[in-house]
Amino acid sequence: MKTRAASAFIKQFIEAYYLQHDVSKVMKMLDPQIRWSSVRCQRILNGKAEVEKMLTEAVNCKNYRIKVCEFKMEEIKEESNPFLVCYEIDALLIGENYQYPLTFFGSLTVEARESTFIIKEVYISMFQSEERSTELLYKEMKDRKRRKQNERDYQDALYLKQVNDDLEVLTNNVPGGIFRCLDDESLTLLYMSDGFLKMLGYTRQEIKDQFDDSFRKMIDPRDRESVEQEVIQQMTLGSTKQIEYRILHKDQRSIWVLDNGQLIEDPKGGYPSYYCIIIDITEEKKISEELNLALERYDIIMNQTNDVVFDWDILNGRLKYSRGLERIIPQTIAENNVKEFVFEAGHSLFHQADIPKLKRMLEKIKNKNSYVEEELRLRNSEHQYRWWRLRVSVQFDKNEQPIRAIGIIIDIDQEKQHSQFLLSRSQEDALTGIYNKMTAQRQIKSALTSIDKKKFHALMIIDIDNFKEINDRLGHLFGDAVLSDIARRMKNVFRHHDIIGRIGGDEFIVFVKDMQNMENIKIKARQMIYEMHELQLNHDKQVPISCSIGIALIPKDGDNFKVLFQKADQALYHAKKAGKNQYALYDESIINEYFGDTKVGSVVNEKIDSNENNKVLNGQLTEYVFRVLYNSKDLAEAIASILEIVGLQFDVSRVYIFESSHDGTYCKNTFEWCNSGIEPQIDYLKHVSYRDELGRNYMDNFNEDGIFYCADIHQLPEYHYNLVAKQGIKSMLQCAVMDNGEFKGYVGFDECRQNRYWTQDQIEALVFISEILSVFLLKNRAESILKQESTGLLDLLNNQNSWIYVIDPKSYKILFLNKKTKEYCQQAKIGMRCYHIFMERTSPCPFCPLKRLFESKKSQNDEIYIPTFKVWVDVDATCVRWKGREAVMLSCRDINRYKQK
């Protein structure tokens, strides 16, 4: 790709689009499948037909024109094709009576072809400009719709943008909590995410008041010293840390967290800062504690069994022991030749893996350790190995030489077996019996630190093709049976020292190590594909069963787990795209294919039931939601469209909005979207009583963040369960609609197919979208109420038995005429001057009550003769605000009969 030619091509596009407005020339430069997004579009345009229609409408718009003042473009890099080019244009928006400066930010995705270039994607935005540009953009949008807009709408637009900016930060949160603290003595907190506060139960003010913003004080006092030492040690190896410790929770308990952080230097020379993510691992620690307790139960057993006690005279080599040793060691031990017996019979007496432990015990005694302990396996008379714990206390002479060892041999076989069972349960996947995701990752990371780089190793990601179809057609029980069968066959294909794990619904990971050549790795992949064919035959070909495999080689493709995982994932994507039922080795050539597809996410970890990771970036989705709502002429239609988009994007059964009544006693379902096969409920939920059907304090179900999350409706109170059960709901997530702290309703997401566990990312994205919907919904309802009140006011004025009109005090132009005034003076129109149409004058009346009104700032009353009506009237003049500006309302009552008397 030639950079100069590419630059010239892009400049031609800028000139054709911004300067020449040449639709034909622009269209020739676009890919047939062009994707176009700009401030003019209410949605992303797909294909040349939609784009050409938009451009033609823009050219035919005569309200304004754009003059380009300056064009800036980033340097084009040749590393990839297609390539991304970003540019910035300073321009003037020129209308009939105005001229505004604007800044356009744009990006083009351009693909180099044999002799030319083609544009695949266009993105144009002004939302990333500075505050001044945002204000001008607001004016430009309003000028296109309607020239005159009141100050309140302007403030609303700025407020909504601020809401968008603030909430966008939340979409970047990850599960757990984020915080930033200084690397000072107190670890002074500078930032805490909402997830951090929610995890620990505090508010920001409570942390400031109780801990003086010191993260060190929040660490459990039992762990502070060890945490500091561990951090110091890890910082000597780099700038990142990973550590487990306890932290104080608001409810007076301590929770265990996994802290992943990085130390960032201050460019101004101040204290460096730790940027950290903490994850609650309390439950994992509980499992580990149960395991540790099980391992210590031997203390109870020791008091209830006849354990063997022995006394070993080290100097003379003699051994004395209690009865029962022959039960442990079937061979006869010579009393004066203990050491020789142990090492001569050791290979047949001790398990081979425990010989090093025995030697280590003897070495510790030699090195003057007064107490040693090991767990060993000894073979009994039935040639079975049993676990024993050997505890030895050593006595030394005045020269600190070991002279005597007194010990006890404890039978821990049952406890060891139980402990290993618990350990296996904590490490295994419950369905398949192979390693679970966390254990597999931990084992692989550990193995990578000690691999023989002279041999061949590989990381494989195995994904079952079309597994959702198996579940949908034959049911989840059949699907579970298939997964278990697959895991069993994987154990047969791979060796016992290879690491096999299940990392998702239908995804597996395998670490193959110590292969002699690359061909052996390929053979293993082919064997796995063959096993899937055999599995299909065993199930009578009811559904096609196959797998795709992505492979990253070690050390060729790296020796870091994260890097290898990403490359294996990219290879898996390549295998999937190539037709499935095959394996693919990672190669640099597939990177462009993987990243060139704007729709692709990681192939791994797609949930069977929800496809939760197959989604657009939260920022893009929320920007689209905001844009559709902001530019919509029909808010109800826009909301209905957004509910459908969100429902399909997150694959939920039903998305809906409930709005509270004015008195807050009941709510009604005002919007609803239902997925395929889900029965609508909106017609049955027009009047749902908070007291009688949802419980007296329904809003108490929502947490401090306005979220009500129920993964299983059986956990609900009976009265609430009865209501949602008949709707077919199994799980639900609701987000409160709040207006100045008052509960106004909620946006809800129902799952009717199975119990669903939403991830933190999903919850935050749905909450964000709900808040955007809430803002526009509340604004629309407020405008409706205002419109109703305005209509009521007009009805009131029109039904008065007086001539009432409103004028501009500066120009005397009429702003409003009530019904009676229009009937008596049919030639009177809005915009005419009152003294001309009513008083038949060419200038303001010298007796006009307006003059005294503004001097006294109070209402004025006068009697005036109106030639047009040919009557005397009693006039009340009052200062009012009419459509956002100062005005005067005059109310004229007929007093002609009194004057005639």
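Student: In what order do the 6 strands of the open sheet stand?
Tutor: The model is a predicted one. In this open sheet the strands pair in the antiparallel sense. Read across the sheet, the order is β24-β23-β22-β27-β26-β25.

Student: Which strands stand at the edges of that sheet?
Tutor: An edge strand has a single partner strand, so one side of it is left without a neighbour in the sheet. This applies to residues 688–689 and to residues 707–710. The edge strands are therefore β24 and β25.

Student: How many bridges join β22 to β27, and which residue of β27 stands opposite Arg654?
Tutor: Strand β22 covers residues 654–660 and strand β27 covers residues 742–751. The two run antiparallel and are joined by 6 bridges. Opposite Arg654, in β27, stands Asp750.

Student: At what angle to β23 does helix α23 run?
Tutor: Helix α23 spans residues 635–650 and lies across β22, β23 and β27. Relative to β23 (666–674), the helix runs at about 60°.

Student: Which residue of β31 is the bridge partner of Asn861?
Tutor: Strand β30 (residues 860–866) has an uncovered face made of Asn861, Glu863 and Tyr865, while Gln860, Asp862, Ile864 and Ile866 form its covered face. Strand β31 (residues 871–882) pairs with β30 in the antiparallel sense over 7 bridges. Within β31, the partner of Asn861 is Asp876.

Student: Which residue in the turn between β30 and β31 has a positive phi?
Tutor: The two strands form a hairpin, with 4 residues between them. A phi of about 60° is found in the turn at Lys870.

Student: Is the crossing of α17 and α18 parallel or oblique?
Tutor: The axes of α17 (residues 467–474) and α18 (residues 476–493) come within 7 Å and cross at roughly 135°. Since an angle must be over 145 degrees to count as roughly antiparallel, the relation of α17 to α18 is oblique.

Student: How do the residues of the contact of α17 with α18 divide?
Tutor: From α17 the contact includes Phe467, Ile470, Asn471 and Leu474. Helix α18 contributes His476, Phe478, Gly479, Val482 and Leu483. By class, these residues are 6 nonpolar, 3 polar and no charged.

Student: Why is Cys276 not in a disulfide with Cys181?
Tutor: A disulfide is a covalent bond between the sulfur atoms of two cysteines. Cys276 is buried, at 2% relative accessibility. The closest cysteine sulfur to that of Cys276 belongs to Cys181 and is too far for a bond, at 5.3 Å.

Student: How many disulfides does the structure hold?
Tutor: A pair of cysteine sulfur atoms must lie within 2.5 Å to count. The number of disulfides in the structure is 0.

Notes: Residues are numbered from 1 along each chain as its sequence is written. This is a predicted model: local features need pLDDT of at least 70, side-chain atom pairs count only at pLDDT 80 or more; totals for chains, interfaces and linings use all residues. Side-chain values use heavy atoms; hydrogens and water are left out. Buried means under 20% relative accessible area, exposed over 50%, partly exposed in between (1.4 Å probe, protein chains only). Axes are lines fitted to C-alpha atoms, for helices over the stretch in contact, and angles run from 0 to 180 degrees between N-to-C directions. Angles under 35 degrees count as roughly parallel, over 145 as roughly antiparallel, 65 to 115 as roughly perpendicular and the rest as oblique. Contact means heavy atoms within 4.5 Å. Ala, Val, Leu, Ile, Met, Phe, Trp, Tyr, Cys and Pro count as nonpolar, Asp, Glu, Lys and Arg as charged, and the others, Gly among them, as polar. Two strands pair if DSSP finds at least two bridges between them.
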